[in-house]
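Dear colleague,

I am handing over the structure we talked about, and below it you will find what came out of going through it. Please read the notes with the model open beside you.

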Protein chains: 2
Amino acid sequence: MELTTAEENYLKAIYHLSEEGKKSVATNDIAAEMKTKPASVSDMLRKLGEKEVIEYRKYYGLQITESGKRFALQTIRKHRLWEVFLVEKLNFAWDEVHEVAEQLEHIQSPLLIQRLDAYLNYPKFDPHGDPIPDEFGDVRARPRVQLNEMEIDQTGQIVAVKDSSAAFLRYLDKVGAYIGARIKVLDKVEFDGSLEILVDQKKTLFMSKDVSANILVQQS
Amino acid sequence: MELTTAEENYLKAIYHLSEEGKKSVATNDIAAEMKTKPASVSDMLRKLGEKEVIEYRKYYGLQITESGKRFALQTIRKHRLWEVFLVEKLNFAWDEVHEVAEQLEHIQSPLLIQRLDAYLNYPKFDPHGDPIPDEFGDVRARPRVQLNEMEIDQTGQIVAVKDSSAAFLRYLDKVGAYIGARIKVLDKVEFDGSLEILVDQKKTLFMSKDVSANILVQQS
DNA sequence: TTTTCAAATTAGTCTTGGCTAAAAATATGT
DNA sequence: ACATATTTTTAGCCAAGACTAATTTGAAAA
Ligand SMILES: [Mn+2]
Ligand SMILES: [Mn+2]
Ligand SMILES: [Mn+2]
Ligand SMILES: [Mn+2]
C-alpha cells in the first residue's frame, strides 16, 4: 500500500500531534497544523481510516495505528536525513532546510534513502537535534526538558529546539545558542518566567519564557 | 509564473521531441512519450498554450516558445545535476538514476540547485553523456554522430547514449562500451547494418544496428 | 434535564490531470 | 474529386484534494 504526498503530510502531522499531546487529536488542531480547513481534514481522516493508518470514529476521535506509525516514522526519517544532507554537504543554514526537506521527504526510492544514510555516515540526529528513526522506525530519544522548567544552578546541554521556524532559529544564531552548547541557569525571574543563563562558561544571556520553552536541554 | 509537475514533464517531452525532429510535434508522439492518451495531451496543450510556453493552433501544431524553452532547460538542468549526484556521490549505477531524477527534478528551490551544482563542481555532462544546461539555459553541445552512421576505419570516442533505459545501459556495461571509450569501426555489414568495432585498441565487439544507433560518438 | 455552543461532518463546488467514446478536421488513395 | 483512414479535439466522466455553507453531534452550562 502506498500513500500520496498529501496523505504522508497529514499522517506526519497526526503523528507529531499525538506524540506531544498523548491523547486523541482534534480535527481543528490538524487543520491548524496543515494550514487547511477542518472540512478538508474530515475528508482526509475518512480516507486515512479506510487505509487503516488511523482508527477513526467520527465525532469521537482518532488513534494512529501501528501501521500508521511506521509510515509516519519513515517520512520523518527521510525528512531529517535530507536536512542533515542540506546542512552538512550543501552548507545550508539550519533555518533554511525545513521547506526543502518538506518536499524531498516525498521522493519514493528506498535505495536513495539507504545510500543517503550511508553517505551521511548514519547520523542519529538532525540539525535541530531531533532524533532520526532507523530503517525499522526505531528512535533513540534522549531524555530532555524544556529550558524554562529548569531551576537555578542546574546545568545541561542544548540538544534540540521545539520551534524550527526560520525566525526562531535566526534569533538563536544571533545570541549564540546552538545545539551542543553547555548551559547553566544563573537566575530565574518568577514574575515572568524569564531566565539568565551562562553559555559555554563564557557568555551570559537573558531570555524570555517564550524563548526558553522552545529550547530542549539534556540535563547533567 | 510557475508550472505544475505535470506541466514540467509535458514541456520537457515537447522540448525533446522538437529538438530531435526539428519540425512540429505530433499530439500522438507526445502521448506515446508521456504514456498518456492523445485526449489528455490535447487538454494539456491548451493549458500550456494559455501559459504561453508553447504556441498552439489546434489541428495544426505547436511550437515551443522562448519562455517554454527556458522552463524546459531548467528542468533538464535539474534532472541531469541530480543524476550526476546519484552516480558520483551515492554510487548509483548509470542505469538506476533516471526514475529517481524524474522525481527530484521537480523539487522547487533555486538555492538547492545552485548549491548542488557547486557541490558537484559544476559538471558539464550527466552520466549518460548529455550536456547540462547552465543556469541561464545555455548548452554547450558536442557535435556527435550515431555510431551506425560511421564508416569503416573511422574512429572516435563514445560521448553519449540516446536510449537511457536500464536494459540498454546494462547491456553496454556488460559488453564494456562506456562513455569515454575510444572506438574504431572495423567492419560494417551492409545487409543488416551491424558493426564490428574495436574498443580501446584491445577488444572487438559485434553490435546490431539497433544498438549502434543508440550510441553517440564524437569523431576524431 | 434542557438549552446552548463549539467542534466536526456533510453537501455541493472547483481545479488538476487522467480516462473513453464521439465528433471534427486533416491527410491519403483511387 | 471523392471516399476513406488517420489524427486530433471535444464532451462527458472520475478521483484527489482543496474550499464555503449548511447541518449534525457531543459537550458544557444553566
Ligand atoms: Mn524539520
Ligand atoms: Mn512534506
Ligand atoms: Mn519528472
Ligand atoms: Mn541522463
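**The surface near DNA strand C**

H3(B) supplies the largest share of the surface near DNA strand C, namely four residues. Please keep in mind throughout that this is a predicted model. Of the 20 residues around the strand, those that come nearest are A:Ser42, A:Tyr56, A:Lys58, B:Thr4 and B:Ser40, and the residues of this surface divide into 11 nonpolar, six polar and three charged. On the side of the nucleic acid, 76% of the atoms of DNA strand C within 4 Å of the protein belong to sugar or phosphate, while the rest belong to bases.

Phosphate oxygens of DNA strand C are approached from both chains: a polar side-chain atom of A:Lys58 lies 2.4 Å from one, and a polar side-chain atom of B:Ser40 lies 2.6 Å from one. For A:Asn28 it is a backbone N or O atom that lies 3.0 Å from a phosphate oxygen of the strand. The elements that give two or more residues to this surface are helix H2 (27-34) and helix H3 (38-50) of chain A, together with helix H1 (5-21) and helix H3 (38-50) of chain B.

**The manganese ion**

Ligand 1, a manganese ion, is coordinated by A:His79 (NE2), A:Glu83 (OE) and A:His98 (ND1) at 2.1 to 2.6 Å, and along the chain these donors follow the spacing H-x3-E-x14-H. Because A:His79 lies in helix H4 (residues 66-88) and A:His98 in helix H5 (residues 98-104) of chain A, the pair ties together parts that are 19 residues apart in sequence. A:His79 is buried, with a relative accessible area of 6%, whereas A:His98, at 35%, counts as partly exposed.

**Salt bridges**

A search of the whole structure finds 22 salt bridges over all chains. In one of them, B:Asp95 and B:Arg170 meet through their side chains at 2.9 Å, N to O; since B:Asp95 lies in the loop between helix H4 (66-88) and helix H5 (98-104) of chain B and B:Arg170 in helix H7 (residues 166-175) of chain B, the pair ties together parts that are 75 residues apart in sequence. B:Asp95 counts as buried, at 13% relative accessibility.

B:Glu50 forms a salt bridge with B:Arg46, with the closest N and O atoms 3.3 Å apart, and these two residues, four apart in helix H3 of chain B, are separated by about one helical turn. B:Glu50 is exposed, with a relative accessible area of 57%, while B:Arg46 is partly exposed at 39%.

With best regards

Notes:
Residues numbered from 1 in each chain as written. Chains lettered and ligands numbered in written order. Predicted model: local features only at pLDDT ≥ 70, side-chain atom pairs only at ≥ 80, totals over all residues. Heavy atoms only, no water. Near = heavy atom within 4 Å. Polar contact = N/O pair within 3.5 Å; in protein donor to acceptor, adjacent residues only side chain to side chain. Nonpolar A, V, L, I, M, F, W, Y, C, P; charged D, E, K, R; others polar. Donors = N, O, S within 2.8 Å, 3.2 Å for Na, K, Ca; no water. Buried < 20%, exposed > 50% of the residue type's maximum accessible area, 1.4 Å probe, protein only. Salt bridge = Lys/Arg side-chain N within 4 Å of Asp/Glu carboxyl O.
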